[in-house]
Amino acid sequence: MSFKPTTWANIKNAPFPAEGASNQGFDNRILFAFMFGVPLYLTRLLHLPWWLYFVVFVPCAFAILATALLLYSMFAPAYRNKIKLPGKPLEEYMIIHDPALKAQYHGHKKIPMETFFEAYFAGKIDIKGDTLEVFEQRHDWAAFQFTMGQFKFFLSEWLPLTFWHSRDQDKSQVREHYDRGDDFYEAFLGPLMVYTSGIISDPTKRETLEELQTNKMRLICEKMHMKAGEEHLDIGCGWGTLTGYAAKEYGTNSTGVSLSRNQVEYGNKKFNDQGLQNSASLKCMDYRDIPSDKKYKKITCVEMAEHVGVRRFNTFLTEVRELLDDDGLFFMQVAGLRASWQPEDMIWGLFMARYIFPGADASTPLWWYTYQLESAGFEVNHVDTVGVHYSATLERWYLNWVQNRDEIRAKYGDKITRVWDIFLAWSTIISRQGSATCYQFVANKNRNGFDRAALINQRTNPLAWK
C-alpha cells in the first residue's frame with residue numbers, strides 16, 4: 001500500500017509513519033499467569049513456608065516481566081503496519097567509527113535504539129545529514145528492543161528516584177537541570193523562555209515559536225476566565241513567562257514558584273524591566289512550602305506535575321485544592337504516554353528519564369490523571385490533548401538548536417550537545433505520532449454549590465466552530 005503524507009504549513013507530518021509491535025498483541029493474562037504461577041511453583045517445589053511466597057514473588061515477577069518485554073520487543077511483529085520503508089543499508093544513515101560496533105551492525109542489520117544513542121553520545125557514531133530527517137526514517141535502521149542497560153537503569157535509578165521524591169532530591173535535580181545556564185535554554189527556547197508546549201492556532205499557517213507560545217498563554221488565561229485583580233498562583237513557573245503574561249494582559253496578581261534560582265532571578269529581573277514588579281513576582285521555594293493561609297482564585301501548573309512523582313501525586317493535588325478558592329479554577333498541563341503502548345514509547349520514556357528529566361514521571365496515561373484529580377476532590381470541567389501542538393513546538397526548538405548548536409557545543413561540551421540533538425529530534429516525532437502527548441485539564445472543586453453554568457462557553461456550541 002502506498003502512503004502519501006498530508007501537508008500542513010504549521011506541522012510536517014511523517015513520511016514513514018510505520019507501526020511497531022503493540023500491546024494489542026500482548027496478552028496480559030499469560031504474563032500474569034507466569035508472574036504469579038512461577039513463584040507459587042518454586043515455593044511448593046522447595047517446600048518453603050507459604051509466607052515466603054511473597055518474598056519469592058518480587059524477584060520472580062520482575063525477572064519474568066523483564067524477560068517478557070525483552071522477548072516481545074525482539075520478536076513480536078509490527079501491528080497492522082501498512083508502510084513500506086526505504087530499505088536502505090545502515091551506512092546510508094550513519095557513520096560507525098567503533099570497529100566492534102561496525103562489525104556487528106552493518107548493511108540491513110538494525111541497531112537497537114539504546115545502543116545507537118549511547119554510541120552517538122560517546123562519539124562512536126555520527127549521523128549523516130540532518131538528525132530529524134534521519135529519525136523520520138528510524139524504522140529503516142533502528143530496532144526498538146529493550147536492552148539490559150535499560151532494565152538496570154529502570155530498577156536501580158528510575159524506580160527509587162521516581163517514587164521517593166524527597167525535598168533534597170527534587171532540589172538537586174531541578175537545580176542541576178535548570179540552573180545549567182540561561183543561555184543553554186535560550187539557544188532553543190528563544191527569547192520567551194517557555195519550556196512547555198505551545199499551541200497551533202491555524203494548521204494552514206506557518207507560525208513562529210513565539211506565536212505558538214503566546215497562543216498557549218492566551219488559551220490558558222481564557223480557559224481559566226482570568227480577571228483583573230484575581231490572585232493567581234503558578235506552580236512550577238519556569239522563567240515566569242506565563243506569570244508575567246497573566247499579570248500584564250489580564251491584570252491578575254500573579255505569583256510563581258520554582259526551585260530554580262536562575263529561573264527566579266531571571267523572571268523577577270524581567271518583571272522589573274517591564275514594570276510588572278507590583279503585580280508579578282517569582283519565589284524560589286518547594287511547592288510543599290507554599291503558605292497555606294492564602295487562597296487563590298486561579299492556580300496553574302504547566303508541565304511541573306510530572307516532577308511530583310506517582311507516590312505523592314494525589315497528596316499534591318489535595319494540597320492544590322486547599323490553596324484554591326471554593327469558586328476558583330485549577331489548570332494542569334501534564335505530559336503522559338498512551339495506554340496502547342509500543343516498545344518505542346517506553347524506550348523513549350526511559351531515555352527521557354535518564355538524560356533529560358531525571359526523577360520526572362510522564363509515563364501515566366489520561367485515565368490515571370483524571371482519576372487522581374477526581375479522587376482529590378476535583379471535577380474535570382474539560383480536557384484537551386495537545387500532543388500534535390507539542391510536536392510543532394519541538395520542531396521550532398529543534399531548528400533553533402541546530403542554528404545555535406556550534407556555540408552551545410563550544411561552551412557546554414560535545415556530549416550534552418549530542419544528547420539534545422536526539423532529545424529534540426526524536427521528541428518532535430514521538431509527540432506527533434501519539435506515543436507521548438500532553439493534556440490540558442481545567443478543574444474545579446467538586447462542590448454542590450459551585451456555579452457550573454458560569455463556565456459554559458462556545459466549546460459546546462457547534463454552530464460557533466469554524
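Which strands does helix α12 (residues 313-323) lie across? This tour of a predicted model opens with that helix and the sheet beneath the question.

**Stop 1: helix α12 and the sheet**

Select residues 313-323. Helix α12 lies across β5, β8, β9, β10 and β11 (436-445), and it runs at about 150° to β9. Now display the strands as a cartoon. They belong to an open sheet of seven strands, in the order β7-β6-β5-β8-β9-β11-β10, and the pairing is mixed. Select 280-284 and then 378-385: these are β7 and β10, which stand at the edges. Each has a single partner strand, so one side of each is left without a neighbour in the sheet. From one strand to the next, the twist averages 20°.

**Stop 2: two parallel pairings**

Strands of a sheet pair through backbone hydrogen bonds, either parallel or antiparallel. Two pairings of the parallel kind can be inspected here.

Select residues 296-302 together with 324-337. These are β8 and β9, which run parallel and are joined by six bridges. Label Y296, and L324 of β9 will be found opposite that residue.

Next, move to β5 and β6, which pair in the parallel sense over five bridges. Label L233 here; its bridge partner in β6 is T255. Then select all of β6, residues 253-258. Five of the six residues of this strand are buried, so β6 is largely enclosed by the rest of the structure.

**Stop 3: a buried glutamine**

Select Q372, which is found in helix α14 (residues 366-375). Is Q372 buried or exposed? Its relative accessibility is 9%, so Q372 counts as buried. Leaving aside residues up to four places away in sequence, Q372 touches F313, N314 and L317. The numbers of these contacts lead back to helix α12, which spans residues 313-323.

**Stop 4: the aromatic cluster**

Display the side chains of Phe, Tyr and Trp. Across the whole structure, a search finds 48 aromatic pairs. Begin with Y185 and W239, a tilted pair with 5.4 Å centre to centre and 50° between the planes. This pair links distant parts of the chain, 54 residues apart: Y185 is in helix α8 (residues 182-189), and W239 is in the loop between β5 (231-235) and α10 (241-250). Both residues, Y185 and W239, are buried.

Continue to W420 and F423, an edge-to-face pair at 5.4 Å centre to centre, with 80° between the planes. W420 and F423 both lie in helix α16 (residues 414-433), three residues apart, or about one turn of the helix. W420 and F423 are both buried.

To see how these residues belong together, select F184, Y185, F188, Y195, W239, F357, Y390, W397, W401, Y412, W420 and F423, which form one aromatic cluster.

**Stop 5: arginines over rings**

Add R180 to the view of the cluster member F184. R180 lies over the face of F184, at 5.0 Å from the ring centre. A second arrangement of this kind involves R418 and Y120: R418 lies over the face of Y120, at 4.6 Å from the ring centre.

**Stop 6: where α9 meets α15**

Select residues 209-223 and 387-412. These are helices α9 and α15, which pack at an angle of about 145°, with their axes 10 Å apart. In passing α15, α9 makes a left-handed crossing. The contact is made by L209, L212 and Q213 of α9 and by A392, T393, R396, W397 and N400 of α15. W397 was met earlier, as one of the residues in the aromatic cluster.

**Stop 7: two positive phi values**

Most residues other than glycine have a negative phi. Two exceptions deserve a label. Phi of R80 is near 55°, and R80 is placed in the loop between α2 and β1 (94-96). With a relative accessible area of 64%, R80 is exposed.

Phi of M193 is also near 55°, again a positive value. M193 is found in the loop between α8 and α9. At 1% relative accessibility, M193 counts as buried.

**Stop 8: a span across the model**

Finally, select L46, in the loop between α1 (28-45) and α2 (53-75). L46 counts as exposed, at 53% relative accessibility. Draw a distance from its C-alpha to that of K411: the two residues are 60 Å apart in space and 365 residues apart in sequence.

Conventions
Residues numbered from 1 in each chain as written. Predicted model: local features only at pLDDT ≥ 70, side-chain atom pairs only at ≥ 80, totals over all residues. Heavy atoms only, no water. Phe/Tyr/Trp six-rings, centres within 6.5 Å; stacked < 30°, edge-to-face > 60°. Helix = DSSP H or I, 4+ residues; strand = E, 2+ residues; numbered from the N terminus. Buried < 20%, exposed > 50% of the residue type's maximum accessible area, 1.4 Å probe, protein only. Lys NZ or Arg CZ within 6 Å of the ring centre and 35° of its normal. Pairing = 2+ DSSP bridges. Axes fitted to C-alpha atoms, helices over the stretch in contact; angles between N-to-C directions. Contact = heavy atoms within 4.5 Å. Left-handed = near helix turned anticlockwise from the far one by under 90°.
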